[in-house]
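Please walk me through the pockets of this protein, taking them one after the other and saying what lines each of them.

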Amino acid sequence: MDDLFRLTADYALQFHETLSDRLVGAQASFEELVDSLGGPLPEDGREDVAVVSELIAAAEPGLVGSQTGRYFGFVFGSALPASVAADWVATAWDQNAFSVVTSPAAAAAEQVAGGWIAELLGLPDGVSVGFVTGAQGANTTGLAAARQHVLARAGWDVSRDGLQGAPPIRILAGAERHVTIDRSLRLLGLGTESLEQLPADDQGRLRADALRAALEGATGPVIVCAQAGNVNTGSVDPVGELADACSAVGAWLHVDGAFGLWAAASPRLRHLTEGCDRADSWATDAHKWLNVPYDCGLVFCRHPLAHGEAMAVAASYLQRADGRSPSDWVPESSRRARGFAVWAAVRALGRSGVAALVERCCGHARTFAELLGAAPDVEILNDVVLNQVLVRFGDDDETTREVVRRVQADGTCWLGGTDWHGRAAMRISVSSFRTTTADVERSAKAILQAAAASGAGARA
Ligand SMILES: Cc1ncc(COP(=O)(O)O)c(C=O)c1O
């Protein structure tokens with residue numbers, strides 16, 4: 001294995017060392033990649049070193065530069081070196097994080113790292129935690145615990161009796177909720193039609209007055225989905241006020257904090273998440289702002305009983321050992337040991353390093369807004385409170401989309417387009433530990449050049 005592992009490590013090192021020279025967008029189309037990876041099903045095996053060399057050569061042109069400091073498309077993080085290395089080790093160990101019996105080390109790493117994240121995010125003592133694939137999995141798990149709990153309070157055991165004939169559950173969420181909430185409701189048999197959609201304000205925050213009005217006099221099972229970090233604007237719902245409205249009627253409050261909950265890790269930004277600690281369940285990602293490798297999300301719950309009842313399984317052959325069993329808190333059975341990479345990321349950064357990472361990204365977002373907003377014919381559409389910036393060019397949909405297209409083709413940086421309240425916008429997300437002020441300046445210059453080439457500047 002010497003040659004194989006050495007080749008892999010050497011290649012990974014070379015990949016990381018040349019990140020700053022790479023074009024950020026993929027350099028090959030999907031069809032080209034299928035061609036280079038494809039061919040008939042191999043009849044016979046091949047030597048390992050040749051296999052990995054072939055894979056690298058075929059896949060490299062199709063890689064997206066989310067490991068660079070100039071990838072601003074979607075809320076992706078890069079991956080901290082310590083967490084990448086820990087993830088390699090996890091793969092080399094090939095541990096099944098199902099239970100304490102299948103891997104005491106993986107179970108212990110999840111317990112310790114999960115506790116550290118709960119503390120960083122300012123969550124209450126004693127919350128249960130599950131490591132899942134991402135915020136989608138965390139939303140689904142958190143809402144499954146919610147469903148379990150609110151129905152149990154109405155005298156119904158949904159784990160045993162299912163939803164047929166169950167007391168109806170009211171589910172309320174803002175108009176700007178993340179789409180994964182809807183998928184979670186579909187998966188949980190609650191359906192999207194059952195969702196009462198409440199108005200959001202101009203930054204995408206669920207309006208507390210609307211929730212208060214909707215919940216007035218409510219009785220019976222109620223679940224409210226709040227959001228910390230709107231995927232377009234970065235805005236955080238007024239969770240403290242939402243928590244007041246929920247506690248008045250005994251509603252379950254779930255916070256989708258895929259990235260915005262990380263503001264709580266920074267003393268300077270923590271005020272944005274005021275009241276989040278009062279929720280009943282929380283979803284977040286580690287592969288976004290903590291910058292660990294894909295995939296890794298976490299779900300937390302204030303009610304371990306409901307969380308465990310919704311998720312845990314038992315069978316005679318599944319012997320238990322003392323300690324927290326990871327699979328009691330997630331919908332999967334056999335699982336990758338995600339706790340090691342999270343442990344390494346937090347160990348490498350420390351509390352102060354996580355705060356600095358979050359603050360640095362938000363500072364870069366403000367710099368983007370300043371540099372771009374100062375240019376003629378360029379408008380910043382959102383209040384830049386976190387790491388998200390929405391930019392519009394020439395106050396025109398087609399011009400804005402053309403600028404996005406040109407920036408993507410240029411390759412200096414990568415970002416995407418969106419629609420915000422009916423108007424096309426460029427969407428910039430700063431989530432990488434690698435992004436420097438020089439990256440932001442270089443990228444802003446490339447964006448303004450693309451804007452000029454699209455005729456935006458000419459309109460001033
Ligand atoms: C607010 C919010 N919720 C949920 C998700 C889904 O996260 P994941 O893709 O990690 O499952 C995202 C992704 O961007 C998000 O921003």
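**Two pockets and their linings**

In this predicted model, α1 gives the most to the lining of the largest pocket, contributing seven residues. That helix spans residues 2-17, and the elements that give two or more residues to this lining are α1 together with α3 (48-59) and α4 (81-93). The volume of the largest pocket comes to about 970 Å³, and its lining is made up of 28 residues, of which Thr8, Ala12, His16, Val84 and Trp88 lie nearest the centre. Set against the helix limits, Thr8, Ala12 and His16 fall within the range of α1, while Val84 and Trp88 fall within that of α4. Sorted by class, the lining of the largest pocket holds 18 nonpolar residues, seven polar ones and three charged ones.

The second largest pocket encloses about 350 Å³ of space. Its lining counts 22 residues, and those closest to the centre of this pocket are His178, Val231, Ala258, Asp285 and Lys288. Here the elements that supply two or more residues to the lining are α6, which covers residues 135-153, and α8, which covers residues 179-187; α6 has the largest share, with three residues. In terms of class, the lining of the second largest pocket divides into nine nonpolar, eight polar and five charged residues, and Asp285 and Lys288, which are among the residues closest to its centre, both belong to the charged class.

Methods:
Residues numbered from 1 in each chain as written. Predicted model: local features only at pLDDT ≥ 70, side-chain atom pairs only at ≥ 80, totals over all residues. Heavy atoms only, no water. 1 Å grid on protein atoms, 1.4 Å probe; cavity = no way out; pocket = protein on both sides within 12 Å on 5 of 7 lines; lining within 4 Å. Points joined across faces, edges and corners; volume = space filled by probe spheres on them. Helix = DSSP H or I, 4+ residues; strand = E, 2+ residues; numbered from the N terminus.
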